[in-house]
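Here's a quick briefing to go with the structure you have open. Have a look at it first, then use the notes underneath as a tour.

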Amino acid sequence: MTDVEALHALVAQLQETVRRLQDQAAIAQLVAAYGPWTDAGWSEAVATLWTEDAVYDADVAVFSGRDAIAAMIDGDTHQAIIHGGSAHVVTAPHISVDRDTAVATCHGLLVRHDGDGFHVARVTAIRFDLVRTGSGWRIANRRNRLLDGNDDARALLRGVSP
Amino acid sequence: MTDVEALHALVAQLQETVRRLQDQAAIAQLVAAYGPWTDAGWSEAVATLWTEDAVYDADVAVFSGRDAIAAMIDGDTHQAIIHGGSAHVVTAPHISVDRDTAVATCHGLLVRHDGDGFHVARVTAIRFDLVRTGSGWRIANRRNRLLDGNDDARALLRGVSP
Amino acid sequence: MTDVEALHALVAQLQETVRRLQDQAAIAQLVAAYGPWTDAGWSEAVATLWTEDAVYDADVAVFSGRDAIAAMIDGDTHQAIIHGGSAHVVTAPHISVDRDTAVATCHGLLVRHDGDGFHVARVTAIRFDLVRTGSGWRIANRRNRLLDGNDDARALLRGVSP
């Protein structure tokens with residue numbers, strides 16, 4: 001192998017490593033955007049996080065398609081929550097990437113303002129299923145399960161094998 | 001284009017990608033350091049996160065300059081909070097980098113110890129404006145707004161367009 | 001220096017930078033995995049995060065060795081907590097890497113389900129000491145201290161100097 005060939009091999013390896021780091025960073029950023037944009041009521045921005053036909057199973061309701069998810073943000077229930085004062089905290093996820101799909105698992109805390117302060121209204125297990133699209137990673141599926149001791153929530157937090 | 005020229009182009013592209021990943025990682029680390037160091041009361045370390053003339057608008061008060069921020073950490077109010085038991089939780093931020101400036105948005109939770117346990121005392125929307133300096137990224141401006149339903153807090157969480 | 005030699009130097013430098021980013025990402029992922037897998041009760045997966053002889057000082061008890069940590073997850077106390085509904089929230093850590101060892105500091109929140117909702121049961125300062133092993137980064141030592149105002153918790157949050 002010539003010196004230039006050896007360099008080509010090194011650079012190709014490095015490109016692969018960097019691509020994996022980019023995938024992980026991009027997915028972490030998608031997840032980190034959800035909370036702030038949701039509490040901002042910024043439905044157009046929230047919509048960009050999902051594929052066109054994404055499904056968001058929020059436990060209390062299921063939203064099918066990016067438009068339905070944006071409509072949920074603009075809807076009366078969500079608007080009442082954010083105008084009362086809320087933080088949709090989504091914790092830094094564990095991420096497993098397998099080529100063009102990925103799974104991210106984490107916790108969700110809905111903290112709400114009330115008369116005298118704040119209280120933790122809901123705590124959920126969250127699983128994101130993501131896909132690589134022509135314009136980057138997008139959420140194809142999200143499932144929340146209330147962490148009230150039920151088996152589904154625990155199963156969901158396993159994500160994929162380490 | 002010769003083989004060596006092609007390699008040069010590849011490496012230059014890779015350097016640019018890696019620089020963006022480094023920016024994002026460095027900013028995430030600045031934000032991740034704030035909570036632990038603040039609860040430790042480690043004012044010298046907290047000071048290193050900011051530019052010399054940084055402004056921290058904490059909603060309840062505004063601190064102008066790195067020295068004023070360090071003095072806040074050493075001050076009676078903050079010392080009473082941390083000696084009573086507190087966690088200044090700053091969530092993993094959404095980060096937008098534009099060359100030498102960046103915006104990071106996230107949630108802040110102040111959880112305090114009381115007689116029988118812990119309670120969520122304050123929940124805020126946080127926006128960091130960061131700049132690249134000769135010694136790395138630093139916080140130039142931070143703004144907190146209480147998430148009690150006010151418009152300012154929601155506007156702040158938008159950060160920059162996706 | 002020839003063109004090829006210059007490229008070799010550039011690529012070597014890039015490799016070093018990428019290695020540091022990989023270290024940080026790998027450690028962040030170890031920490032992010034702990035909460036979801038612990039709330040899932042997935043003891044086999046939790047075990048993989050630690051060295052064989054890791055020590056986990058959880059403040060209320062000390063677990064010595066990976067097997068003891070897995071047994072804690074399978075034990076009656078932990079099973080009662082997760083079957084009642086819990087979120088072991090571990091915040092995005094501040095990470096300092098020094099060649100083959102690293103220190104990560106963050107907050108831990110144990111949020112538990114009760115009759116009418118959720119409450120923050122425990123808030124701790126967490127310090128992870130990590131080592132690079134033949135199969136990647138692992139936790140060698142973890143220490144939690146309750147954030148009730150005690151000096152130990154504050155000292156622990158300092159991690160290493162910025």
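In chain A, ring pairs join Tyr34(A), Trp50(A), Tyr56(A) and Phe63(A) into one cluster. Keep in mind that this is a predicted model. Over all chains, a search of the whole structure turns up 15 aromatic pairs and zero disulfides.

**Aromatic rings**

- A pair of aromatic rings is described by the distance of the centres and the angle of the planes.
- Start with Tyr34(A) and Trp50(A), an edge-to-face pair with 6.3 Å centre to centre and 80° between the planes.
- Tyr34(A) belongs to helix 1 (residues 3–40) of chain A and Trp50(A) to strand 1 (residues 50–57), so this pair ties together parts that are 16 residues apart in sequence.
- Both rings belong to buried residues: Tyr34(A) has 3% relative accessibility, and Trp50(A) has 0%.
- Over in chain C, Trp37(C) and Trp42(C) also make an edge-to-face pair, at 5.6 Å centre to centre with 75° between the planes. Trp37(C) and Trp42(C) are both buried.

**Charges over rings**

- In chain B, Arg142(B) lies over the face of Tyr34(B), 4.4 Å from the ring centre.
- In chain C, the charged end of Arg142(C) sits over the ring of Tyr34(C), 4.4 Å from its centre.

**Cysteines**

- Why is there no bond for the sulfur of Cys106(B)? The closest cysteine sulfur, in Cys106(C), is 15 Å away, which is too far for a bond.
- Looking from the other side, Cys106(C) has its closest cysteine sulfur in Cys106(B), again at 15 Å and too far for a bond.
- Cys106(B) is buried, with a relative accessible area of 1%, and Cys106(C) is buried too, at 0% relative accessibility.

**Where chains B and C meet**

- The size of an interface is often given as the accessible area lost when the parts come together.
- Here, the area buried between chain B and chain C is about 2900 Å², and carbon and sulfur atoms give 71% of that.
- On the chain B side, Gln29(B), Trp42(B) and Phe118(B) lose the most area to chain C, together 22% of what that side buries.
- Counting contacts, 34 residues of chain B touch 33 residues of chain C.
- How many salt bridges does the rule find across the interface of chain B and chain C? It finds zero.
- Ala40(B) is worth a click: leaving out residues up to four places away in sequence, Ala40(B) touches Ile82(B) in its own chain, plus Arg154(C), Leu157(C) and Arg158(C).
- Ala40(B) is in helix 1 (residues 3–40) of chain B and counts as buried at 7% relative accessibility.
- For a sense of scale, the C-alpha atoms of Ala40(B) and Asp98(B) are separated by 32 Å, with their positions 58 residues apart along the chain.

**Positive phi in chain A**

- Most residues other than glycine have a negative phi.
- Asp59(A) isn't a glycine, yet its phi is positive, near 80°. Asp59(A) is in the loop between strand 1 and strand 2 (62–64) of chain A, and at 33% relative accessibility it counts as partly exposed.
- Arg99(A) isn't a glycine either, and has a positive phi of about 55°. Arg99(A) is found in the loop between strand 4 (94–98) and strand 5 (101–114) of chain A.
- Is Arg99(A) buried or exposed? Arg99(A) counts as exposed, at 72% relative accessibility.

Conventions: Residues numbered from 1 in each chain as written. Chains lettered and ligands numbered in written order. Predicted model: local features only at pLDDT ≥ 70, side-chain atom pairs only at ≥ 80, totals over all residues. Heavy atoms only, no water. Phe/Tyr/Trp six-rings, centres within 6.5 Å; stacked < 30°, edge-to-face > 60°. Helix = DSSP H or I, 4+ residues; strand = E, 2+ residues; numbered from the N terminus. Buried < 20%, exposed > 50% of the residue type's maximum accessible area, 1.4 Å probe, protein only. Lys NZ or Arg CZ within 6 Å of the ring centre and 35° of its normal. Disulfide = S-S within 2.5 Å. Contact = heavy atoms within 4.5 Å. Buried area = accessible area lost by both parts, 1.4 Å probe. Salt bridge = Lys/Arg side-chain N within 4 Å of Asp/Glu carboxyl O.
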